[in-house]
Amino acid sequence: MSILQSIHNSFVPIHKEGYPFIVAFFIISLILGWIWNPFFWCGLILTVWCMYFFRDPDRVVPLNSNLVISPADGRISFVEPCIPPEELGLGKEEMIRVSVFMDIFSCHINRIPISGTVESIVYRPGRFTNAELDKASQFNERNGMVIDSKYGKIGMVQIAGMVARRIVCWSKENDSVTAGERFGLIRFGSRLDIYIPTEVQLRVAVGQTAIAGETVLGFFDDQSETTGFRFG
C-alpha cells in the first residue's frame with residue numbers, strides 16, 4: 001500500500017450531498033473574513049462542522065437476513081408498541097416502533113434495516129417541530145417507506161426536525177434492497193422511526209446509542225441463518 005493510499009484511507013469520506021453546503025459555508029467564511037478577520041475563523045469552524053455532518057463512513061454490516069439493523073445513527077428515544085402511520089398502509093394492528101433521534105453531530109446517512117423489496121414510498125409535507133417529541137411522527141414533514149421482507153412488512157419513516165428542512169431518499173419503489181445499504185439522509189437534525197412486526201425479539205432499549213448499519217435492533221427466530229459480515 002502506498003503512502004498516499006494510506007493517507008487517503010485514514011480520512012472518513014464525505015457524501016456528495018454535502019459538497020454544495022461545504023462550498024457555500026467556505027465562501028461565506030471568506031466574505032465575512034473580508035469584513036472582519038475573526039468572522040473568517042468562526043465561519044471556518046462551521047465549515048469543518050459541515051464536513052463532519054456529511055461524513056459517510058463505511059460500516060461492518062451483519063449479513064444475517066433475520067436481523068433488523070438500525071437505519072440511523074443516534075439515540076434510541078422510543079421503543080413501544082403502536083399503530084403505524086396510516087400512510088404506510090400497514091393496517092390497524094400494533095407493531096413495535098423503535099425511534100432513533102439524530103442530533104446535529106450524528107452521522108445522517110440512513111441505511112436499509114433489512115433485506116427485501118421496496119413496496120411503497122410516501123412523502124408527507126408538514127411542520128418542523130422538535131423531532132424528539134412523540135407528536136413529530138404525526139405532524140412533521142416526513143417520508144415513509146415500506147419494505148417487504150422475508151419476515152413480513154417493515155415500515156420506516158424519515159422525520160424532519162426543527163433544523164432539518166430537507167429529506168433525501170434515493171431508493172425507489174420496487175427496488176431490491178440489502179440490509180445496511182445507504183438509502184437516504186436528512187439534513188441537519190432529525191429522527192427515524194422503524195415499525196417492526198411484533199414477532200421480533202428486541203435487543204435495544206431507550207437511551208441506547210445506535211450505529212446505522214451495525215446495531216442490531218432485534219431479530220426474527222430463524223435457525224437456518226448463518227453468521228457473517230460485510231464492510232461497506
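This report describes a helical pair with its nonpolar surface, a buried asparagine, and the salt bridges of the structure above. The model is predicted, and the values given here are computed from it.

**Helices α2 and α3**

Helix α2 spans residues 19-35, and helix α3 spans residues 37-53. The axes of the two helices come within 6 Å and cross at roughly 170°. Because angles over 145 degrees count as roughly antiparallel, α2 is roughly antiparallel to α3. On the α2 side, the residues in contact are Phe21, Ile22, Phe25, Phe26, Ser29, Leu30, Leu32, Gly33 and Ile35. They meet a set of α3 residues that includes Asn37, Phe39, Phe40, Gly43, Leu44, Leu46 and Thr47, as well as Trp49, Cys50 and Met51.

A nonpolar patch lies on the surface, made up of Val23, Ile27, Ile28, Ile31, Leu32, Trp34, Ile35, Trp36 and Phe39. Together these residues have about 980 Å² of accessible area. Helix α2 supplies the largest share of the patch, seven residues. Phe39, another member of the patch, is found in α3. With a relative accessible area of 35%, Phe39 is partly exposed. Phe39 is also among the α3 residues that meet α2. Leu32 and Ile35 likewise belong to the patch and are among the α2 residues that meet α3.

**Asn110 in strand β5**

Strand β5 covers residues 109-111 and contains Asn110. The relative accessible area of Asn110 is 0%, so Asn110 is buried. Leaving aside residues up to four places away in sequence, Asn110 touches Pro71, Ala72, Met102, Gln158 and Leu192. Its contacts also include the run Glu181, Arg182, Phe183, Gly184, Leu185 and Ile186. One of these neighbours, Arg182, takes part in a salt bridge with Asp58.

**Salt bridges**

Side chains of opposite charge can pair when their charged atoms come close. The count of salt bridges comes to eight. Three of them are listed below, with the distance between the closest N and O atoms.

| Salt bridge | N to O distance |
|---|---|
| Asp58 and Arg182 | 3.0 Å |
| Glu80 and Arg97 | 2.3 Å |
| Glu119 and Lys153 | 3.0 Å |

Asp58 forms a salt bridge with Arg182. Asp58 lies in the loop between α3 and β1 (60-62) and Arg182 in strand β11 (residues 182-186), so this pair ties together parts that are 124 residues apart in sequence. Asp58 is partly exposed at 38% relative accessible area, and Arg182 is partly exposed at 26%.

The salt bridge between Glu80 and Arg97 links distant parts of the chain, strand β3 (residues 74-82) and strand β4 (residues 95-102), with the two residues 17 apart. Glu80 is partly exposed, with a relative accessible area of 27%. Arg97 has 3% relative accessibility and therefore counts as buried, as the limit for buried is under 20%.

Glu119 and Lys153 meet through their side chains in a further salt bridge. Here the link is between strand β6 (residues 116-124), which holds Glu119, and strand β8 (residues 152-160), which holds Lys153; the two residues are 34 apart. Glu119 counts as partly exposed at 33% relative accessibility, and Lys153 is partly exposed at 36%. Salt bridges that share partners also join Glu80, Arg97, Arg191 and Asp193 into one network.

Terms used:
Residues are numbered from 1 along each chain as its sequence is written. This is a predicted model: local features need pLDDT of at least 70, side-chain atom pairs count only at pLDDT 80 or more; totals for chains, interfaces and linings use all residues. Side-chain values use heavy atoms; hydrogens and water are left out. Patches are made of residues with over 30% relative accessible area and no salt bridge: like charges are joined within 9 Å, nonpolar side chains (Val, Leu, Ile, Met, Phe, Trp, Tyr) within 5 Å. Accessible areas come from the Shrake-Rupley method with a 1.4 Å probe; for residues, only the protein chains shown count as cover. A salt bridge is a side-chain nitrogen of Lys or Arg within 4 Å of a carboxyl oxygen of Asp or Glu. Helices (H or I, at least four residues) and strands (E, at least two) are DSSP runs, numbered from the N terminus. Buried means under 20% relative accessible area, exposed over 50%, partly exposed in between (1.4 Å probe, protein chains only). Axes are lines fitted to C-alpha atoms, for helices over the stretch in contact, and angles run from 0 to 180 degrees between N-to-C directions. Angles under 35 degrees count as roughly parallel, over 145 as roughly antiparallel, 65 to 115 as roughly perpendicular and the rest as oblique. Contact means heavy atoms within 4.5 Å.
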